[in-house]
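Colleague: I am new to reading models like this one. Could you take a close look at a single part with me?

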Amino acid sequence: MSDTLSVALGFFAALAPFGGVRVFLASMSTPNAAAPGPAESAKTALFGGCIAFAVLVAAALAADSLLDAIDVSGGAFLFAAGAARAPVAARLILTGESMATPAGAGKQRVPPWLAPVGAPLLAGPAPMVAAVAYAAHYGEVEAIAGAGIALTVTALILAVSPWVT
């Protein structure tokens, strides 16, 4: 298996899109307005994926400087990245969700530009930690390519979720 594919699978695990579908859909609807149509959900998912990609690229490009500043090796940070994702993985296995629906979800629609960080579905702590860890271990190009692949698949899953659910 190539490094890019390994990194993409790691990012996909960090993004956990199947566990986040319910949170994504809840953040898109309000009780007093009609649920957004599939086109609006798709636009938000794809736009959010683009913003998340920019955030993860920035994290990957800053990886060496960040790790030098905190005096941590790439291998140690890679281990810490796995440990940081353990609670999300345990929640997904035990409950079928990667995160709880936020308390305010459904009261006010989330602006598309805020969705990737506010949910945090696409640019949350686990993907950002993964970007730094993979850039330090595999290199910036592999980390950025893997993030792009995983975010594309994740955004497509979220984009089609209104049709599937």
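How buried or exposed is Phe 53?

Modeller: Happy to help! This is a predicted model, in which local features need pLDDT of at least 70, side-chain atom pairs count only at pLDDT 80 or more, and totals for chains, interfaces and linings use all residues. Residues are numbered from 1 along each chain as its sequence is written, and side-chain values use heavy atoms, with hydrogens and water left out.

Phe 53 is partly exposed, because its relative accessible area is 30%; buried means under 20%, exposed over 50%, and partly exposed in between, using a 1.4 Å probe and protein chains only. Look for Phe 53 in helix 3, residues 38-61. Helices here are DSSP runs (H or I, at least four residues), numbered from the N terminus.

Now for its partners. Setting aside neighbours within four places in sequence, Phe 53 is in contact with Ile 144, Ala 147, Gly 148 and Leu 151, where contact means heavy atoms within 4.5 Å. Take Ala 147: 94 residues separate Phe 53 from Ala 147 in sequence, yet their C-alpha atoms are 6.9 Å apart in space.

For contrast, try Thr 154, which sits in helix 8, residues 140-164. Thr 154 has a relative accessible area of 1%, so it counts as buried. Residues up to four places away in sequence aside, Thr 154 touches Phe 12, Leu 15, Pro 17 and Leu 122.

Finally, visit Asp 68 in helix 4, residues 63-70. Asp 68 counts as exposed because its relative accessibility is 62%.

Note on methods
Helix = DSSP H or I, 4+ residues; strand = E, 2+ residues; numbered from the N terminus.
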